[in-house]
Every structure is written in C-alpha cells, then in structure tokens.
Amino acid sequence: MEAYEFAETIATEAKKHSRLRYVYVSTSGAMANENGLKVCFQKHAPACRILAFKDCFMGRSTTMAQIGDTSDYRQGLPLNTLVDYMPFWDAVAAERMGKAKFIDGAVAQLNEYITRYPGQYACFIFRTHSGRGRLNIGDRDFFKALMDVCKANRIAIWDDEIQTFARTSRMFAYEMFNLGEYVDVFCAGKLTQACLTMFTEEYNPKPGLLSGTFTGEGVSFRVGRKSSSAFATAITTATPA
C-alpha cells in the first residue's frame, strides 16, 4: 500500500506537464535505469543501439557501466551494449560560434548516426543538467532540436533525473525547459528515497518485462512521498498562477 501511495503521488505530479502515466518502483537508480532501458528496447525491438550524452554516468550495473562515458568504470567488463555519444550543451562554445550553428552541428551529428544505423536506435538518454566534472545546465532550443529529430525517427526520449529530481526550481527538471510533452520514459531517485521508472501509455510494457520480489521498505516510501509532496506544495505556493 505504501509503495502504491508513493507511486501515485509522483504520477499525479508528472501528469500535470507530461504524458507520463505509469510508475514502477525499484531499490536503486541503476535498477530504475535498467528498467527504463528494457522498456525502450521492448518497444523498439529489434533496435539495439543507444544514444547518450558525452561524459554521462548511468550507474554501476554491468549495462549501465557500459553506457556511462567513463572507461575507468568498465575496466574488464565485456562490451556488449552499443552506445553512441552526442555532445552536451556548451554555452561557451555556443556563444563563440553562434547558438544556431552549435545546435545545427549537434543535429547534423545526430542525423549522421541515424543514417549510419537506420532503425537501430531504441532510445536517446537525455539529461537536462550534466554534472560530471562541472555543473552544466542545458538549453531548451538545443534539447528540443534533438528531440524533434528523435520523434521523427521513432527513437524513445528517456529523461534520466536520478540526480536532478526535485533539485532544481521545479519538481521535474524537464519542466524547467517545458519539454514534458516529449518525454517517453523517465527515471528518478535520490530525494525520492525509493527509485522509480515512469513511462507513457505508448511505452507501457507487456506483462512480465518488469517484475521483482522486493521494491523497498515502508519507511523509504513514506519519506519519499512526504518529501515529494512537500516540494510540490512549495513550488505551487511560490509559483504565480
């Protein structure tokens, strides 16, 4: 019951500015990401490639260590996950060369990947903030341009907010950029105590894909629900109607 109430609290808030409808809870961010990847792969089978931003970190499981762009974290691991990396938003470079030119270059690189591997990408893992080495906040026009290409090519848009959920000025970081309509799969953790994977009606998986014998203990769900509810209330109070 506590797990259900926790999930319902998050889903209620997510529905306000996105198409996300379903919640599956897990005990770690890596497992939440594993579930997100499974959802994307099933929906777009037999597509087997992944797009992610350069310097990303996804977790410590075998698969997530391969997706993360840090070779030290996957030493000795068999590399059987196919990942291609895109540049993250760089405000300094965009100012130097011109914002439109920077975005056009990223779009061109994305289209080059898609042309090279047609129909093989299951998802693009987005993050609105990059925190590896230094904090880098993204740009709406940049994200939207890449997401438009993904939508045109039926590539799932997966928003990984394990780190950023309720740690920005909005509960969901995608709300900062008004991009909720684009998100197909979503993961959150940290502040929520228990972690979770969300997905839209379109990405609701077939029975049996997501399952487990233990999702967490009651206190985690209670704390996660309370902290999320308190944040939502604070944002509603502080944000003009």
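Reader: Which strands form a hairpin, and how many residues are between them?
Author: In this predicted model, the hairpin is formed by β8 and β9, with 6 residues between the two strands. One residue in the turn, K190, has a positive phi of about 60 degrees.

Reader: And how do β8 and β9 run, parallel or antiparallel?
Author: They run antiparallel, and 4 bridges join β8 to β9, the strand that covers residues 195-200. Within this pairing, C187 has T197 in β9 as its bridge partner.

Reader: What about β7 and β8, do they run parallel or antiparallel?
Author: Those two run parallel and are likewise joined by 4 bridges, and W158 stands opposite V185 in β8.

Reader: Which residues of β8 are buried, and on which side?
Author: Both faces of β8, residues 185-188, are covered, with V185 and C187 buried on one side and F186 and A188 buried on the other. As a general rule, side chains in a regular strand alternate between the two faces of the sheet.

Reader: Changing topic: what volume does the largest pocket have?
Author: The largest pocket has a volume of about 390 Å³. Its lining has 20 residues, and those closest to the centre are F57, R127, I162, Q163 and K190; K190 is also the residue in the hairpin turn with the positive phi.

Reader: Which elements give two or more residues to that lining?
Author: They are α2 (29-43), β5 (129-130) and β7 (156-161), and the largest share, 3 residues, comes from α2.

Reader: How many of the lining residues are nonpolar, polar and charged?
Author: The lining of the largest pocket divides into 6 nonpolar, 8 polar and 6 charged residues.

Terms used: Residues numbered from 1 in each chain as written. Predicted model: local features only at pLDDT ≥ 70, side-chain atom pairs only at ≥ 80, totals over all residues. Heavy atoms only, no water. 1 Å grid on protein atoms, 1.4 Å probe; cavity = no way out; pocket = protein on both sides within 12 Å on 5 of 7 lines; lining within 4 Å. Points joined across faces, edges and corners; volume = space filled by probe spheres on them. Nonpolar A, V, L, I, M, F, W, Y, C, P; charged D, E, K, R; others polar. Buried < 20%, exposed > 50% of the residue type's maximum accessible area, 1.4 Å probe, protein only. Pairing = 2+ DSSP bridges.
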